[in-house]
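Okay, thanks everyone, let me put this one up on the screen. I'd like to walk through the charged side chains and then a couple of buried spots.

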Amino acid sequence: MRFTRLSRLICRIPRLDASRPLQCRAFQTDVVSGDSKAKPKRYKIPQFYDPYGPRPPPSEKIIQLAEQIGALPEEERSQIMPMLVERLKLPKLQSISTEGLDLGPQDGGAGVQVEEKKAEKTAFDVKLEKFDAAAKIKVIKEVRAFTSLGLKEAKDLVEKVPAVLKQGVTKEEANEIIEKLKAVGGVAVME
């Protein structure tokens, strides 16, 4: 709604000729339109925000009461609030329900800890640990067979052993790759 009003207002602005400077001060309310050398207004920003505004200072009676309460022993001070609730007929505070909230260990952490079941791993990585020097060419060919690498990339990968050959494979596929590498003279593990 405001945007349409703004667009109508902009359309009504008369076209300026090119001889005048192209400046718009429509949204700069802190500059006086007649004085070009005027500085913007400086506003005092409070250090903290009080939504209720400034409060009047407490009266002498309140100050004396606070001093008397501060001078009381701890036992008597603990009885003040229940007495005020009773005398002023204030409503009792309801306890907040914590049902469904995870508040951590309730007994201070000294009790029996519940064993957490870990989710069974479904994706595995196959890592080449080592290989026989005589079977290097066979290992490179086997690595090329189950990866989509070229000859040079497969050779570089095999030469920087230990290296991860394939990531995120199923357990059956990982076992199959390990068996194939074992057959040609390489040692691979599943992580």
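**Salt bridges and buried polar residues**

So, Glu176 and Lys180 come together through their side chains in a salt bridge, at 3.6 Å from N to O. By salt bridge I mean a side-chain nitrogen of Lys or Arg within 4 Å of a carboxyl oxygen of Asp or Glu. The two sit 4 residues apart in helix 7 (residues 171-184), so about one helical turn lies between them; helices here are DSSP runs of H or I, at least four residues, and strands are runs of E, at least two, numbered from the N terminus. Glu176 is partly exposed at 46% relative accessibility, and Lys180 is partly exposed too, at 40%. For those words, buried is under 20% relative accessible area, exposed is over 50%, and partly exposed is in between, with a 1.4 Å probe and protein chains only.

Quick word on what we're looking at. This is a predicted model, where local features need pLDDT of at least 70, side-chain atom pairs count only at pLDDT 80 or more, and totals for chains, interfaces and linings use all residues. Residues are numbered from 1 along each chain as its sequence is written, and side-chain values use heavy atoms, with hydrogens and water left out. pLDDT is the predictor's confidence in each residue, from 0 to 100; the chain averages 77, with 73% of residues scoring at least 70. Helix 1 (residues 2-12) has the lowest mean of the elements, 64, and helix 2 (residues 60-71) the highest, 93.

Back to the charges: how many salt bridges are there by this rule? The count is 6. One of them is Glu74 with Arg77, 3.8 Å from N to O, both in helix 3 (residues 74-78) and 3 residues apart. Glu74 is exposed at 56%, while Arg77 is partly exposed at 37%. Then there's Lys127 with Glu191, closest N and O atoms 3.7 Å apart. That pair links distant parts of the chain, strand 1 (residues 124-131) and the segment after strand 3 (186-190), 64 residues apart.

Now, which side chain of opposite charge is nearest to Glu142? It's Lys180, 4.6 Å away, and Glu142 is buried with no salt bridge. Glu142 lies in helix 5 (residues 136-146). Setting aside neighbours within four places in sequence, Glu142 contacts Lys180, Leu181 and Val184, contact meaning heavy atoms within 4.5 Å.

Last one: Thr147, in the loop between helix 5 and helix 6 (151-159), is buried at 13%.

Technical notes. Lys and Arg count as positive and Asp and Glu as negative; His and the chain ends are not counted.
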